[in-house]
Amino acid sequence: MKVLNPIMMSGKKVLPLVEGGKGINGSDGKSAGAWAREGGIGTFSGISPDFYDENGNVVKETYEGKSRLEKHKEMIAQAIRGGIAQAKIAHQESQGNGRIHINMLWESGGAEEILHGVLDGAKKLVHGVTCGAGLPYKLGEIASKYEVYYYPIVSSARAFQILWKRAYSNFVDFFGGIVYEDPWLAGGHNGLTNAEDPKRPEDPYERILKVRKAMEKAGLSKDVPIIIAGGVWALKDWQDYIDNEELGNVAFQFGTRPMVTKESPVSEAFKKLLLTLKKGDVILQKFSPTGFFSSAIKNSFLEKLIRRTEEQVPFAKEKSDELDYEFKDGSKSYFIKSSDYQKAESQIRNGYNIIQTTPDNTLVFLNQQEADGIKEDRKNCVGCISACSFSSWTQYEGLTMKSPDPRSFCIHKTLYDLGHGGRLEDNLLFAGHQVYNFADDPLYKNGHIPTVKELVAKIKLGL
Ligand SMILES: Cc1cc2nc3c(=O)[nH]c(=O)nc-3n(C[C@H](O)[C@H](O)[C@H](O)COP(=O)(O)O)c2cc1C
Ligand code: SF4
């Protein structure tokens with residue numbers, strides 16, 4: 001295994017090892033501080049981070065506002081409070097070593113306001129911001145204002161080029177580097193676009209090289225790092241990327257692997273589950289209300305959504321040659337294909353007798369519990385993402401005229417619940433596609449849960 005040489009990141013020479021930010025409560029001040037303490041970079045999540053009362057107990061988010069907009073504002077205020085609390089913990093835990101980053105999802109509701117609030121309230125405690133999901137044009141301007149380095153997360157050279165040309169070329173001083181996240185392998189939301197086939201993963205080397213070439217074309221030196229994320233497990237498999245003149249400085253970001261460490265905030269039950277997974281247990285799908293692809297464990301939560309989507313049938317309000325069968329739902333009438341009649345009827349017979357339309361002109365069939373859940377979740381919406389397909393709320397226009405999509409779900413509810421004691425089978429479990437490595441990796445033998453210190457030591461050995 002090649003020696004990992006420290007490189008300049010966020011204003012300091014650090015080990016090129018980064019803990020990937022994970023919201024909600026997938027990475028926090030404690031885990032980030034532990035990664036920094038080992039000389040690398042720790043990243044706490046800025047999405048609904050926990051904050052504490054005077055006795056140090058977690059204060060669960062509460063909402064008193066009546067309207068979505070009021071709740072949205074409360075959500076932002078609580079996220080700022082939590083972000084500052086996590087920054088302080090991370091700083092303390094780091095003992096002055098390494099660097100601390102905050103992660104924001106650009107398409108999260110109030111992302112700009114939250115970033116301003118946290119960076120303002122946690123001056124000198126946070127050294128960098130990583131930000132993905134969408135094109136975070138304003139990231140450079142916001143980070144530079146607080147003299148904090150910024151790292152857009154992209155999955156292609158093209159995304160970097162767009163961001164650079166339109167925005168970042170004006171904020172060069174605090175441009176920290178690029179996080180290249182493999183859109184086929186990484187846990188959480190994935191940056192697949194229409195240009196990529198979800199079923200045909202591409203070689204990361206060529207894609208990363210393209211990013212480097214685009215960076216050079218933009219005038220950035222090869223010392224500016226590319227942080228490689230997605231599918232990184234043991235560095236013995238990445239030796240060709242280290243000290244590679246063509247690629248320049250690289251660092252490695254781990255998202256899934258740090259979830260099973262003592263300092264990781266995820267529940268013990270989730271850690272145990274991760275140790276048992278097999279190839280194929282994580283699937284790439286498009287149910288997220290952000291509209292992005294994402295990678296998560298196929299559990300009963302996802303199976304419900306899969307069923308709903310697989311069993312949907314196209315419809316029209318008017319009869320056509322193709323949609324020629326009149327299907328009645330009480331006083332409502334839809335035209336579906338005659339060949340879909342059996343499919344629709346059998347769902348109704350099996351208790352999926354509540355019919356809802358989707359924005360793609362299909363009918364989905366829900367049982368009472370599912371329909372009640374959807375209604376309740378929309379009622380409790382706090383505007384956690386800037387444009388939500390599940391509630392059809394946007395932070396710019398409020399409730400839009402678009403039909404809300406029952407094939408999606410409330411991501412805030414499920415991730416918050418999971419991060420605060422919720423049951424694994426009822427919730428979305430983001431994880432990367434290499435999660436099956438836990439089962440065979442000797443580090444986790446007999447259910448061992450390592451500390452971040454142990455994990456970083458193994459990673460440095462290439463294991
Ligand atoms: C549970 C989980 C939650 C995640 N949440 C976020 C997030 O909120 N923001 C983000 O930019 N990336 C998020 N990620 C991506 C990680 O930061 C990291 O880039 C990715 O997991 C790396 O790929 P790997 O899973 O193969 O290690 C998440 C990943 C996981 C597994
Ligand atoms: S419905 Fe849920 S996921 Fe959608 S914006 Fe509201 S809180 Fe967020």
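1. A good place to start is helix α3 (residues 111–121), whose buried residues are Ala111, Ile114, Leu115, Val118 and Leu119. Buried here means 20 or more other C-beta atoms, placed from the backbone, within 10 Å of the residue's own. Looking down the α3 axis, those buried residues sit within an arc of 120 degrees, so they line one face of the helix; the arc is taken from the directions from the helix axis to the C-beta atoms. Helices (H or I, at least four residues) and strands (E, at least two) are DSSP runs, numbered from the N terminus.

2. Before going on: this is a predicted model, with local features needing pLDDT of at least 70 and side-chain atom pairs 80 or more, while totals for chains, interfaces and linings use all residues. Residues count from 1 along each chain as its sequence is written, with chains lettered from A and ligands numbered from 1 in the order written.

3. What covers the buried side of α3? The cover of its buried residues includes α2 (68–94), β7 (99–105), β8 (128–132) and α4 (139–145).

4. On the overall layout, the protein splits into domain 1 (7–287 + 435–460) and domain 2 (300–426), with bounds from an automatic or database domain assignment. Their contact takes 22 residues from domain 1 and 20 residues from domain 2, contact meaning C-beta atoms, placed from the backbone, within 7 Å. On the domain 1 side, α2 gives the most, with five residues.

5. Last, ligand 2: 15 residues surround it, the closest being Cys381, Cys384, Cys388, Ser391 and Cys410. The cut-off is a C-beta atom, placed from the backbone, within 6 Å. Helix α11 (residues 411–418) gives the most to this shell, with three residues.

Note on methods. Buried ≥ 20, exposed ≤ 12 C-beta atoms within 10 Å, placed from the backbone. Contact = placed C-beta atoms within 7 Å.
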